[in-house]
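User: I have a structure open and want to talk it through. Can you take my questions as they come?

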Amino acid sequence: MAREAAIRAETQTLLERFEGLGAQRIEAGILQPADTLLDLYGEDIRGRAYVTHDPLRGEQMLRPDFTVPVVQMHMAENSEPARYTYAGPVFRRQEEETDRPNEYPQVGYEIFDGSDAARVEAQVFAAFHQALADLPLRAVMGDMGILRAAVSGLETTPHRKAALMRHLWRPARFRALLDRYSTPLTLPQDVVTGPEIGLRSAGDVSDRTALMQDDAAAPRLDAGERAALEALMAIAGPLPEALSALGKAAETMSAIEAPLAQLRARVAALEEVGIAPGALDFEVTYGRTSMEYYDGFVFGFTAEDMPAIATGGRYDALTRVLGQGRAVPALGGVIRPDLVTDLRARA
Amino acid sequence: MIKLGVPSKGRLMADTFKWFADRGIQLSKAGNDREYVGRVDGIDGVEMVLLSAGEIPRELSAGRIHLGVTGSDLIHEKLALWEEKVARLAPMGFGHADLIIAVPAFWTDCTTLHDLDAVAAMFRARHGFRLRIATKYHRMVRHFLAEHGVADYQLVDSQGATEGTVKNETAEAIADITSTGETLRANHLRILEDGLIHQSQACLWVSQTAAFSAADVAALNEVKARLT
């Protein structure tokens with residue numbers, strides 16, 4: 001029980017720290033309507049979240065995270081700038097890893113603020129950095145905006161760029177798409193056909209057939225361009241070295257100049273609040289598989305043999321999806337007070 | 001005594017009885033045909049329990065039966081981390097069926113998983129909801145599609161007559177078991193070229209969680225000896 005008490009105390013300390021930074025304490029329901037989460041994450045979420053059923057309300061989910069209810073609450077009720085903090089358990093179904101808990105606590109800090117992006121990002125990162133300052137953690141940053149910009153800058157059709165963009169978070173399919181665009185396409189021949197059935201119409205089929213013909217006629221992805229994209233995705237290491245590698249990549253890939261300028265501004269803002277870049281790692285693809293609603297700056301604090309102690313990032317696109325027409329620059333993150341407690345016990 | 005779970009009905013039961021008879025173990029229903037009590041001859045220390053094939057994975061996993069006959073599709077679908085709960089003693093060579101993904105045959109633009117993914121994205125944009133795939137094999141299908149990076153679909157539950165769901169407009173595609181493909185063709189569906197999720201057949205499984213006494217281990221070893 002000593003561990004439980006220590007986790008509660010850690011949770012309280014973190015909440016007070018975030019309240020001290022101007023955050024308003026908020027709560028969110030444990031049961032969340034499943035349709036919103038399913039619409040956002042797709043069928044995969046069923047493998048990771050507990051779905052339960054009510055004859056009147058339909059499918060409900062035990063909250064797999066706080067971000068969605070917090071964004072919904074903010075978008076419906078409040079205006080910017082706003083800062084929130086919260087604490088409570090989240091629930092994750094474990095199908096593969098039996099040693100991971102299916103219920104664990106999170107303490108979060110979220111900011112909805114459209115002013116100077118680099119300054120706000122540095123503030124959020126610094127808040128987590130300071131909260132965890134006494135622990136032996138690796139701090140790592142990434143930026144989904146760099147990969148997005150690189151894809152949008154490819155010399156290829158808008159259709160292909162959209163397909164790649166849609167699969168940024170699925171590395172296997174992303175790579176399969178790159179392979180497909182790098183080789184001559186052959187369209188399916190002599191396909192067995194049949195009568196028109198179901199909701200998808202013959203018109204839908206002929207529209208996509210036309211798209212496939214356009215795609216087959218489009219030039220192949222340039223090998224040099226693809227190699228540059230692969231090299232960009234492989235950039236990982238101490239932040240100063242990563243910055244110079246990115247600068248070099250931008251010489252041939254002008255599309256990443258804008259997000260790189262933002263990254264440099266963020267690093268300058270971090271230095272202003274006393275965080276030295278030399279102690280941070282940067283990975284272009286950080287968070288690519290696990291942090292799917294983040295669309296710009298992402299960060300994490302990790303320790304050996306443990307899941308991430310803290311993760312966070314920018315999720316402007318999520319506010320657009322949940323904001324019914326309104327979008328707000330937003331970012332934040334969560335800390336696992338249980339893991340913080342275990343780390344302290346180790347020391 | 002070790003308990004052997006056997007499907008209680010139809011072709012699967014008859015094939016199971018024959019398979020064991022070929023190995024010197026006679027299984028039969030005691031009393032009249034409607035009674036679910038089994039009789040085992042030709043080996044000591046084994047009793048038969050007649051069960052629905054769909055319940056055998058659960059009973060093996062819970063350790064309430066020691067041995068069981070059921071399709072590998074049901075083991076994979078119903079037991080997460082199935083390797084930790086059951087081990088396969090022998091494939092039995094019958095009950096062959098493939099779990100596949102099929103789409104309407106007239107979708108001439110859709111022959112692969114890549115196409116299915118692209119079709120799903122367009123479908124969602126046009127119809128405002130995710131492309132529906134009817135199935136009763138939720139876990140296997142979800143896992144397969146995630147592994148291949150297919151997005152923008154949803155699974156809808158279908159416990160039977162799944163091939164009819166497209167025509168009835170309750171799904172756009174299906175994931176189901178097929179052996180000859182005839183039902184698919186009759187319902188104007190076509191299998192995706194890379195849409196084979198699992199090749200299933202009936203297998204004899206041994207529970208990794210059931211308690212085995214010394215006498216039970218001897219009986220199990222005798223069963224194993226008959227298999228070779």
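User: What share of the residues in chain B is buried?
Analyst: Of the 228 residues in chain B, 44% are buried. Bear in mind that this is a predicted model.

User: And what is the figure for chain A?
Analyst: In chain A, 37% of the 347 residues count as buried.

User: What dimensions does chain B have along its principal axes?
Analyst: The C-alpha trace of chain B spans about 65 × 35 × 30 Å. For chain A, the C-alpha atoms fill a box of roughly 70 × 60 × 40 Å, also taken along principal axes.

User: What radius of gyration does chain A have, and what would a compact globule have?
Analyst: Chain A has 22 Å. A compact globule with 347 residues would be near 20 Å, so the value for chain A agrees with that.

User: Secondary structure next. How many helices and strands are in each chain?
Analyst: Chain A has 14 helices and 12 strands. Chain B has eight helices and 12 strands.

User: What part of the contacts in chain A is long-range in sequence, say at least 24 apart?
Analyst: Taking contacts between residues at least 6 apart in chain A, 70% join residues at least 24 apart. In chain B, residues 24 or more positions apart make up 68% of the contacts with a separation of 6 or more.

User: Now the interface. How many residues of each chain are in contact with the other?
Analyst: 32 residues of chain B are in contact with 32 residues of chain A.

User: Which elements of chain B supply at least two residues each to that side?
Analyst: They are α5 (113-127), α6 (138-147) and β9 (153-157) of chain B. The largest share comes from α5(B), with eight residues.

User: What is the make-up of the chain B side by residue class?
Analyst: The side of chain B that touches chain A has 16 nonpolar, seven polar and nine charged residues.

User: Different topic: helix packing in chain A. How do α6(A) and α7(A) sit relative to each other?
Analyst: Helix α6 (residues 144-152) and helix α7 (residues 158-166) of chain A have axes that come within 9 Å and cross at roughly 160 degrees. An angle over 145 degrees counts as roughly antiparallel, so that is what α6(A) is to α7(A).

User: Is the crossing left-handed or right-handed?
Analyst: α6(A) passes α7(A) in a right-handed crossing.

User: Which residues meet there?
Analyst: From α6(A), R148(A), V151(A) and S152(A) meet K161(A), L164(A) and M165(A) of α7(A). By class, that contact has three nonpolar, one polar and two charged residues.

User: Last topic, backbone geometry. Where is there a cis peptide bond?
Analyst: One joins E80(A) and P81(A), with omega at about -5 degrees. P81(A) is in the loop between α4 (67-77) and β5 (82-91) of chain A.

User: What about phi at D190(A)?
Analyst: Phi of D190(A) is near 45 degrees, a positive value in a residue that is not glycine. For context, most residues other than glycine have a negative phi. D190(A) lies in the loop between α8 (171-182) and α9 (202-217) of chain A.

User: And what is phi at H188(B)?
Analyst: H188(B) has a positive phi of about 60 degrees, and it is not a glycine either. H188(B) is in the loop between α7 (182-186) and β11 (189-200) of chain B.

User: Are those two buried or exposed?
Analyst: D190(A) has 6 other C-beta atoms within 10 Å, so D190(A) is exposed. H188(B) has 20 C-beta neighbours inside 10 Å and therefore counts as buried.

Notes
Residues are numbered from 1 along each chain as its sequence is written. Chains are lettered from A and ligands numbered from 1 in the order in which they are written. This is a predicted model: local features need pLDDT of at least 70, side-chain atom pairs count only at pLDDT 80 or more; totals for chains, interfaces and linings use all residues. Axes are lines fitted to C-alpha atoms, for helices over the stretch in contact, and angles run from 0 to 180 degrees between N-to-C directions. Helices (H or I, at least four residues) and strands (E, at least two) are DSSP runs, numbered from the N terminus. Angles under 35 degrees count as roughly parallel, over 145 as roughly antiparallel, 65 to 115 as roughly perpendicular and the rest as oblique. A crossing is left-handed if the near helix is turned anticlockwise from the far one by less than a right angle, and right-handed if clockwise. Two residues are in contact if their C-beta atoms, placed from the backbone, lie within 7 Å. Ala, Val, Leu, Ile, Met, Phe, Trp, Tyr, Cys and Pro count as nonpolar, Asp, Glu, Lys and Arg as charged, and the others, Gly among them, as polar. The radius of gyration is taken over C-alpha atoms; the globule rule is 2.2 Å times the number of residues to the power 0.38. A residue is buried if 20 or more other C-beta atoms lie within 10 Å of its own, exposed if 12 or fewer, and partly exposed in between; C-beta atoms are placed from the backbone.
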